[in-house]
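I opened this model to look up a few side-chain features. My notes follow in the order I checked them.

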Amino acid sequence: MTTLEFSYSLHQLSSVLKPFALKLTKDLDDANDLLQDTMVKAYTNQDKFAEGTNLKAWLYTIMKNTFITNYQKMVRRATFVDTTENLHYLNSSEAVIENSAYGDFTMEDIYEAIDRLDEVFSTPFLLYYRGFKYHEIADRLSIPIGTVKNRIHIARKYLKEDLMVYKHLN
């Protein structure tokens, strides 16, 4: 494809690309800028276009990637970094007072609820809780992976119901 044919094809496709640019940016001026950036990149990378392939799809890809890159730049620019000298006071653990009694009480309740579960549900649940993957639990218990997932789901359901009843009683 000659440069003249390529330019003509780009010009023809620009009207098709504009609605896509508007859909991505949701602003007419930004859409026009995106379309212009896309056309400039297409012209500068004309040698990378393989003749016989879909020019329209190639342009859509350039536009989408340009939009994503511009968006990521904008997000990075908008990120606020606090460089004040007293920044360490914001995240200082000296200012934090923890009350672990509430957390311990909750974990005790959870473990009691797990103890009340039938062993066929509690065993896969506890293994999953300790970090085992579904297939590892299935291998260890010699049961199908679907059964493991089902038993963990049922255990969660029973625990939720049990702890909600306990919460309403107290």
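**Entry 1: a surface patch**

I started with Met 74, which sits in helix H3, residues 55–78. The model is predicted. I looked up how far Met 74 is covered: its relative accessible area is 45%. That lies between the 20% and 50% limits, so I logged Met 74 as partly exposed. Tyr 71 and Val 75 join Met 74 in a nonpolar surface patch. Together the three residues have about 290 Å² of accessible area.

**Entry 2: nonpolar cores**

Next I went inside. Which members of the largest nonpolar core touch the most other members? I found Leu 10, Leu 17, Leu 55, Leu 59 and Met 63, out of 15 residues. Helices H1 (3–25), H2 (28–44) and H3 each supply at least two residues of this core. Another core, of 14 residues, lies apart from it. I noted Ala 113, Phe 125, Leu 127 and Ala 155 among its members.

I then listed the contacts of Leu 55, leaving out residues up to four places away in sequence. Leu 55 touches Phe 6, Ser 9, Leu 10, Leu 13 and Phe 49.

**Entry 3: aromatic pairs**

I counted eight aromatic pairs. For Phe 49 and Trp 58, the ring centres are 5.1 Å apart and the planes stand at 50°. An angle from 30 to 60 degrees is neither stacked nor edge-to-face, so I entered this pair as tilted. Phe 49 has a relative accessible area of 10% and is buried.

Phe 67 and Tyr 71 gave another result. Their ring centres are 6.4 Å apart, within the 6.5 Å limit. Their planes are at 25°, under 30 degrees, so the pair is stacked. Both residues lie in helix H3, four residues apart, about one turn of the helix. Phe 67 is partly exposed at 24% relative accessibility. Tyr 71 is also partly exposed, with 46%.

I also traced a cluster: ring pairs link Phe 6, Tyr 43, Phe 49 and Trp 58.

**Entry 4: the salt bridge**

How many salt bridges are there? I got one. The side chains of Arg 116 and Asp 162 meet in it, at 2.9 Å from N to O. Arg 116 belongs to helix H5 (residues 100–116) and Asp 162 to helix H8 (residues 145–169), so the pair ties together parts that are 46 residues apart in sequence. Are the two partners buried or exposed? Arg 116 is exposed, at 52% relative accessibility. Asp 162 is partly exposed, at 23%.

Technical notes:
Residues are numbered from 1 along each chain as its sequence is written. This is a predicted model: local features need pLDDT of at least 70, side-chain atom pairs count only at pLDDT 80 or more; totals for chains, interfaces and linings use all residues. Side-chain values use heavy atoms; hydrogens and water are left out. Patches are made of residues with over 30% relative accessible area and no salt bridge: like charges are joined within 9 Å, nonpolar side chains (Val, Leu, Ile, Met, Phe, Trp, Tyr) within 5 Å. Accessible areas come from the Shrake-Rupley method with a 1.4 Å probe; for residues, only the protein chains shown count as cover. A salt bridge is a side-chain nitrogen of Lys or Arg within 4 Å of a carboxyl oxygen of Asp or Glu. Buried means under 20% relative accessible area, exposed over 50%, partly exposed in between (1.4 Å probe, protein chains only). A nonpolar core is a set of buried Ala, Val, Leu, Ile, Met, Phe, Trp, Tyr and Cys residues joined through side-chain atoms within 4.5 Å. Contact means heavy atoms within 4.5 Å. Rings of Phe, Tyr and Trp (its six-membered ring) pair if their centres lie within 6.5 Å; planes under 30 degrees apart count as stacked, over 60 as edge-to-face and the rest as tilted.
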